Amino acid sequence: MNTEDMREMTLQELQEEYVKLRKEQFNLRFQRASDQLAQTHLIKEARRNLARVNTIIREKRDG
């Protein structure tokens, strides 16, 4: 999902997306800790997606 799509979402949808991404990040970290994660770049991607969603949520709340 790109930032343009995220900006069109409502605040409620963005918060749901944030929760979904946090769960995904947790699962990826758990897989890495147990040596089951072959694609380690997914952790970095998940962290950046979380930051994007969090930034857009903050923008919508403040402005």
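**A three-helix chain and its contacts**

With a relative accessible area of 39%, Glu-59 counts as partly exposed, because that figure falls between the 20% limit for buried and the 50% limit for exposed. The model examined here is a predicted one, and Glu-59 is a handy place to start. Its side chain meets that of Arg-7 in a salt bridge, at 2.4 Å from N to O. The pair ties together distant parts of the chain, since Glu-59 belongs to helix 3 and Arg-7 to helix 1 (residues 3–8), with their positions 52 residues apart in sequence. Arg-7, like its partner, is partly exposed, in this case with a relative accessible area of 43%.

How many salt bridges turn up in total? The count comes to 2. Besides Glu-59 with Arg-7, there is a bridge between Lys-20 and Glu-17, whose closest N and O atoms are 3.5 Å apart. That distance passes because the cut-off for a salt bridge is 4 Å. This bridge stays inside helix 2 (residues 11–33): Lys-20 and Glu-17 are 3 residues apart there, so about one helical turn separates them. The two partners fall into separate accessibility classes: Lys-20 is partly exposed at 49% relative accessibility, whereas Glu-17, at 12%, is buried. Glu-17 earns that label because buried means under 20%.

Now for the overall layout. The protein has 3 helices and 0 strands, and reading along the sequence gives the pattern α-α-α. Along the principal axes, the C-alpha atoms fill a box of roughly 40 × 15 × 15 Å. Of the 63 residues, 24% count as buried.

Which residues make up the largest nonpolar core? It has 8 members: Met-6, Met-9, Leu-14, Leu-21, Leu-50, Val-53, Ile-56 and Ile-57. Helix 2 and helix 3 each put in at least two residues, and helix 3 gives the most, with 4.

On the outside, a patch of positive charge gathers Lys-44, Arg-47, Arg-48 and Arg-52 on the surface. Arg-52 sits in helix 3 (residues 41–62). At 35% relative accessibility, Arg-52 is partly exposed, so it clears the 30% accessibility that patch membership calls for.

Several other positions in helix 3 can be followed one by one. Ile-43 is part of that helix and, at 10% relative accessibility, is buried. From Ile-43 to Arg-29 the C-alpha distance is 7.1 Å, across 14 residues of sequence. Ala-51 also belongs to helix 3; at 41% relative accessibility it is partly exposed. The C-alpha atoms of Ala-51 and Tyr-18 are 9.2 Å apart, although the two residues are 33 positions from each other along the chain. Further on in helix 3 comes Lys-60, which is partly exposed with a relative accessible area of 34%. Here the C-alpha separation is 24 Å, taken to Glu-24, and the gap in sequence is 36 residues.

The loop between helix 2 and helix 3 holds one backbone oddity, at Asp-35. What is unusual about its phi? The value is positive, about 55°, even though Asp-35 is not a glycine. Most residues other than glycine have a negative phi. Is Asp-35 buried or exposed? It is exposed, at 74% relative accessibility, because exposed means over 50%.

The chain finishes out in the open. Gly-63 is in the segment after helix 3 and is exposed, with a relative accessible area of 91%. Gly-63 and Ala-33 are 39 Å apart from C-alpha to C-alpha, with their positions 30 residues apart in sequence.

Put together, helix 3 keeps coming up. It is the helix that gives the most to the largest nonpolar core, it holds Arg-52 of the positive patch, and its Glu-59 is linked to Arg-7 of helix 1. Helix 2 holds the Lys-20 and Glu-17 pair and, like helix 3, supplies at least two residues of the core.

Technical notes
Residues numbered from 1 in each chain as written. Predicted model: local features only at pLDDT ≥ 70, side-chain atom pairs only at ≥ 80, totals over all residues. Heavy atoms only, no water. Patch = residues over 30% accessible without salt bridge, like charges linked within 9 Å, V, L, I, M, F, W, Y side chains within 5 Å. Areas by Shrake-Rupley, 256 points an atom, 1.4 Å probe, with all protein chains shown as cover. Lys, Arg positive; Asp, Glu negative; His and termini not counted. Charge placed at Lys NZ, Arg CZ, Asp CG, Glu CD. Buried < 20%, exposed > 50% of the residue type's maximum accessible area, 1.4 Å probe, protein only. Core = buried A, V, L, I, M, F, W, Y, C linked by side-chain atoms within 4.5 Å.
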